[in-house]
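Student: Could you go through this structure with me, one topic at a time? I'd like to ask things as they come up.
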Amino acid sequence: MLGLFAPLAHSGFARLFAAQVTALLGTGLLTIALALLAYDLAGLRGGLVLGVALTLKMVAYVALAPLANAILGGLPRRGLLVTLDLIRAGIALSLPFVTEIWQIYVLVFLLQASSAAFTPTFQATIPDILPDEQSYTRALSLSRLAYDIENIASPSLAALLLLVVPANGLFLGTALGFLGSAALVTWANPPPPATRAPAGAWQRTFAGSRMMLTRPELRGLLALNFAAAAGGAMVIVNTAVIAGALFGRGEAQFAVATAAFGAGSMAAALILPRLLDRIADRSVMLSGAVLLAVLQIAGAVIFATAQVFSEALWPLYLLWMTAMGLGYATILTPGGRLLRRAAAPSERPALYAAHFALSHAAWLVTYPLAGWLGAAAGMAAASILLGLLAAAATLAARRLWPRAEAQL
């Protein structure tokens, strides 16, 4: 039985994984640097500016990923990925010179448009490098770990850098992250894409979406992505308010709460490879979705009484965050296995691009919904309503992806 780190023995994957980690660190610094830049330009309206920028990110992902694959998917992967990294680095180096809010929006959209082309291409490369399913499953878990570690490492790195450089210096760190990624991709020399069947750009744009919407397991995957987005949005959008306003905690405790969510997600990444060797993907992913929905509905009790029993409930809230991270990652991590099985190598780039776009469409709904519900109805009501949405998405996934259609 393969260990979790076995895929790193493959030099090509090891270099691409290092490129992912490097780029993620740069992206994490970018988010913090943007928040500081938005505050510098807009003052108390900085949160609104950052919110618009993050919405533009999702719009770019949803609208451009399939189109980018249709136009660029036949190009050599190494040249394409390196070029996109260099574009992202150049945009990051331009951001310190911004003087108007609209310039932030333009540059962020261009940067995220490059990411909308980069990420699905990168994801579709991994199953070509690791065709064995056990190795690929472990690669997915390593990717999940990379995201979780970045969530912890980037704020710490930013804090250290801000001791010696001004806030705009973080954009240089972002650029270095993308340049490091470009160098590692060049060294990895990923294989060229499989030859695509002749088709027009319009057909190629929607080829992946047609696959996502016609195969039962992929329709179920989209519903499960919505369940994960309902839970993830509650955590990402509202944790700072919950920790500060409900529990009366400071920034350090907010970081602890975020780390608890990451710890649960990392635990899932460590457990899932061996679990998926024994249990069907459908059962594992539906179990994660049920856990996420139940936790959100039950969490309303914590939020409704947090201000009265803050000291007693804080440890329970941290446990709740850890369990939420576990459920969240249990839904998302195995998804790549379904995509890999559903398509021939020549079809994978289109399918990964379509999944990237359609899954991020869920966040376009849940991000603003989580913020609006939390502000207008309170955190307890927001948790219940988002939990009910997650439950409805889970039931839809169970119906859309019948057991008879399940793989493994």
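Student: Is Ser 383 buried or exposed?
Tutor: Ser 383 has 0% relative accessibility, so it counts as buried, where buried means under 20% relative accessible area, exposed over 50% and partly exposed in between, with a 1.4 Å probe and protein chains only. This is a predicted model, in which local features need pLDDT of at least 70 and side-chain atom pairs count only at pLDDT 80 or more, while totals for chains, interfaces and linings use all residues. Residues are numbered from 1 along each chain as its sequence is written, and side-chain values use heavy atoms, with hydrogens and water left out.
Student: Where does Ser 383 sit?
Tutor: Ser 383 is placed in helix H14, and helices here are DSSP runs of H or I with at least four residues, numbered from the N terminus. Its C-alpha atom is 6.0 Å from that of Ile 297, although the two residues are 86 apart along the chain.
Student: And how do H8 and H14 pack, at what angle?
Tutor: Helix H8 (residues 216-246) and helix H14 (residues 379-400) pack at about 170°, and their axes are 8 Å apart; axes are lines fitted to C-alpha atoms over the stretch in contact, and angles run from 0 to 180 degrees between N-to-C directions. H8 and H14 are therefore roughly antiparallel, a word used for angles over 145 degrees.
Student: Which classes of residue make up the contact of H8 with H14?
Tutor: That contact of H8 with H14 has 19 nonpolar, 4 polar and 1 charged residues, where Ala, Val, Leu, Ile, Met, Phe, Trp, Tyr, Cys and Pro count as nonpolar, Asp, Glu, Lys and Arg as charged, and the others, Gly among them, as polar.
Student: New topic: why does the span of H6 agree with its 20 residues?
Tutor: At 1.5 Å a residue, helix H6 (residues 169-188) should span 28 Å, and its end C-alpha atoms are 29 Å apart, which agrees; the expected span is 1.5 Å times one less than the number of residues.
Student: Which residues in H6 are buried?
Tutor: The buried residues in H6 include Leu 170, Phe 171, Gly 173 and Phe 178. H6 is followed by Asn 189, which has a positive phi near 50°.
Student: What about H3, how far apart are its end C-alpha atoms?
Tutor: The end C-alpha atoms of helix H3 (residues 77-94) are 26 Å apart, which agrees with the 26 Å that its 18 residues should span at 1.5 Å a residue. Among the buried residues in H3 are Arg 77, Asp 85 and Arg 88, along with Leu 80 and Ile 91.

Note on methods
Helices (H or I, at least four residues) and strands (E, at least two) are DSSP runs, numbered from the N terminus. Angles under 35 degrees count as roughly parallel, over 145 as roughly antiparallel, 65 to 115 as roughly perpendicular and the rest as oblique.
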